[in-house]
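Welcome! Take a look at the sequence and the structure below, and keep both at hand while you work through a few exercises.

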Amino acid sequence: MQNKAPPVDRCDTDPDAVSAERAHRLIGDGVSPLTEVETVAVRAALGRVVAADVISPAPVPNHTNSAMDGYALGARDLPARGVKKLRVVGVSAAGKPYRGEVGEGQCARIMTGAVMPAGTDSVVIQERVQRDGDCITVHQGEKSGGNVRQAGEDLEAGAVAIAAGRRLSPSHLGLAASLGFAELPVLRRPRVAFFSTGDELRPVGGPLQEGELYDSNRYTLYGMLSELGVEMLDLGIVPDRSGAVSAAFAQAAECADVVVTSAGASVGDADWVRQTIGRVGRAAFTRVAVKPGRPMAFGQFNGPGNRLFFALPGNPVSVMVTFRVFVAPALRQLAGETAAEPLRLRVKTASALKKRPGRAEYQRGVLFTDADRAMAVRSTGEQGSGILRSMGEANCFIVLPTHSRGVAAGEMVEVQPF
């Protein structure tokens, strides 16, 4: 009886592919952030990248005020033991401060946000006193300086309220408005042209013949580009012909900072994108050791300026993976955003994950809270690069490094939330 052959240590190594880490470095080195500045109304600034530090012209809050409804008094009148009676001499309301001075043995009724009257430095909330006519009874145990917001405790005058390079959120708009700004300086949006290639692709809405496919990738790209707030130029479906692909690249490069394509980046006879970029530009790499998404190219167009291209694979999941992992951080960097890198977390996996060494893998996962109220992740199941449904179910990538041979359920893994 013959001995069984030892198991083959299969791997997925491609000597012509750059690692994911090197691809990120090459892309980062090739991106020069935009510098053109526009001034827009605060309401129009949502999602834009602020071009310069926004400086607070005044302290925030601009006056020492009460954090609660209650009674303002001096700490000298807080009883160390027992209780103490104080006389109410006035009312300080938001926008209508009490103009008098509160002396010893006195207090003022005060509302949230109202200016602290002269002679007071503490607020006792209304639920902790008893009022009888013009007097209140204060009990021991109240904190000196309690329930008071000091002028400038959030921002001092001259401090940076919003740092340059931040993508403006709703809270930033509110902060800018609270400081009196009607307009903000923002960087120009990146201009991105995109198109799909393939004779088999057809627009949605019409019938399909045998072997034809609907062009889903352009809709995926449109959605992901919209999330980034860039200006877009959709060049549609480009046939698998050298002249058509060259013309599309020429048109895109004339008006866009970045050109993103899907399909045609591999090494087949009809993969005209890869052949064309060798003539119109300089590719920093044409293959990446990731799964899915190996046939991906990045580089710069020939000629003046710093116009970039990303040639993505044709499989629907590969397009989403390579865009989220490589293109999105580059576009955020191009937009001038200082925090361009995606968030990564370490969590426990509830699923066993299969993998061969040789390529980094971005498996689709679902982050959830387990029975112990801890964050965990599970796989969406089958990980084929054509299963677009898996991306619809996922809310993160499970990132398995190049040399990983798989992960057992219960182990810690790195995830990248969408």
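What follows is a set of exercises on a predicted model, each with a worked solution.

**Exercise 1. The six-stranded sheet**

Find the order of the strands in the open sheet of six strands, and work out which strands stand at its edges.

Solution. Start in the middle of the sheet, with strand E5 (residues 83-92). Along one side, E5 is joined to strand E9 (residues 135-139) by five bridges, and these two strands run antiparallel. To see this pairing in the model, look for Lys 85, whose bridge partner in E9 is Thr 137.

Next, turn to strand E6 (residues 106-110). E6 pairs with E5 in the parallel sense, over four bridges. Here Val 88 is a good landmark, since its bridge partner in E6 is Cys 107.

Now step outward from E9. E8 and E9 are antiparallel and share four bridges. In this pair, Asp 132 stands opposite Cys 135 in E9.

Putting the strands in a row gives the order E7-E4-E6-E5-E9-E8, with mixed pairing. Strand E7 (122-125) and strand E8 (129-132) are the edges: each has a single partner strand, so one side of each is left without a neighbour in the sheet. On average, neighbouring strands of this sheet are turned by 35 degrees against each other, direction ignored.

As you look along the strands, one general point may help: side chains in a regular strand alternate between the two faces of the sheet.

**Exercise 2. The partners of strand E24**

Work out in which sense E24 pairs with strand E22 and with strand E23.

Solution. Take E22 (residues 345-349) to begin with. Two bridges join E22 to E24 (residues 375-379), and the two strands run parallel. Lys 348 has Ala 376 in E24 as its bridge partner.

Then take E23 (residues 360-369). E23 and E24 are paired in the antiparallel sense, with five bridges. Gly 365 stands opposite Ser 379 in E24. The hairpin of E23 and E24 has five residues between the strands, and in this hairpin Arg 373 takes a positive phi near 65 degrees.

**Exercise 3. Two helices that cross**

Decide how the crossing of helices H4 and H5 should be described: roughly parallel or oblique, left-handed or right-handed?

Solution. First, find the angle. The axes of H4 (residues 242-255) and H5 (residues 272-280) come within 9 Å and cross at roughly 55 degrees. That angle makes H4 oblique to H5. Finally, the handedness: the crossing of H4 and H5 is right-handed.

**Exercise 4. Empty space**

Describe the largest pocket and the largest cavity by volume and by lining.

Solution. A general idea comes first: rolling a probe the size of a water molecule over the atoms shows where empty space is left.

Begin with the largest pocket, which holds about 380 Å³ of space. Its lining is made up of 16 residues, and those nearest its centre are Leu 228, Arg 324, Ala 328, Arg 332 and Phe 418. Helix H3 (217-228), helix H6 (316-334) and strand E26 (412-417) each supply at least two lining residues, and H6 gives the most, with five. Sorted by class, the pocket lining has 10 nonpolar, one polar and five charged residues.

Now the cavity. Searching the whole structure turns up one cavity of 30 Å³ or more. The largest cavity has about 60 Å³ of space. Residues lining this cavity include Gly 47, Arg 48, Val 49, Arg 167 and Leu 187. The classes in the cavity lining are five nonpolar, two polar and four charged residues.

To link the two spaces, look for Leu 228: this residue is in the lining of the largest pocket and also in the lining of the largest cavity.

**Exercise 5. Unusual backbone**

Locate two cis peptide bonds and a residue with a positive phi that is not a glycine.

Solution. As background, most residues other than glycine have a negative phi, and most peptide bonds are trans.

1. A cis peptide bond joins Val 60 and Pro 61, with omega about -10 degrees. Pro 61 is in the loop between strand E2 (54-55) and strand E3 (65-66).
2. Another cis bond runs from Lys 291 to Pro 292, with omega near -5 degrees. Pro 292 belongs to the loop between strand E19 (290-291) and strand E20 (297-301).
3. Asn 147 is not a glycine, yet has a positive phi of about 60 degrees. Look for Asn 147 in the loop between E9 and strand E10 (148-149).

Note on methods:
Residues are numbered from 1 along each chain as its sequence is written. This is a predicted model: local features need pLDDT of at least 70, side-chain atom pairs count only at pLDDT 80 or more; totals for chains, interfaces and linings use all residues. Side-chain values use heavy atoms; hydrogens and water are left out. Two strands pair if DSSP finds at least two bridges between them. Axes are lines fitted to C-alpha atoms, for helices over the stretch in contact, and angles run from 0 to 180 degrees between N-to-C directions. On a 1 Å grid over the protein atoms alone, a cavity is a set of points where a 1.4 Å probe fits but cannot get out, and a pocket is an open set with protein on both sides within 12 Å along at least five of seven lines; lining residues have an atom within 4 Å of a point. Grid points are joined across faces, edges and corners, and a volume is the space filled by probe spheres set on the points. Ala, Val, Leu, Ile, Met, Phe, Trp, Tyr, Cys and Pro count as nonpolar, Asp, Glu, Lys and Arg as charged, and the others, Gly among them, as polar. Angles under 35 degrees count as roughly parallel, over 145 as roughly antiparallel, 65 to 115 as roughly perpendicular and the rest as oblique. A crossing is left-handed if the near helix is turned anticlockwise from the far one by less than a right angle, and right-handed if clockwise.
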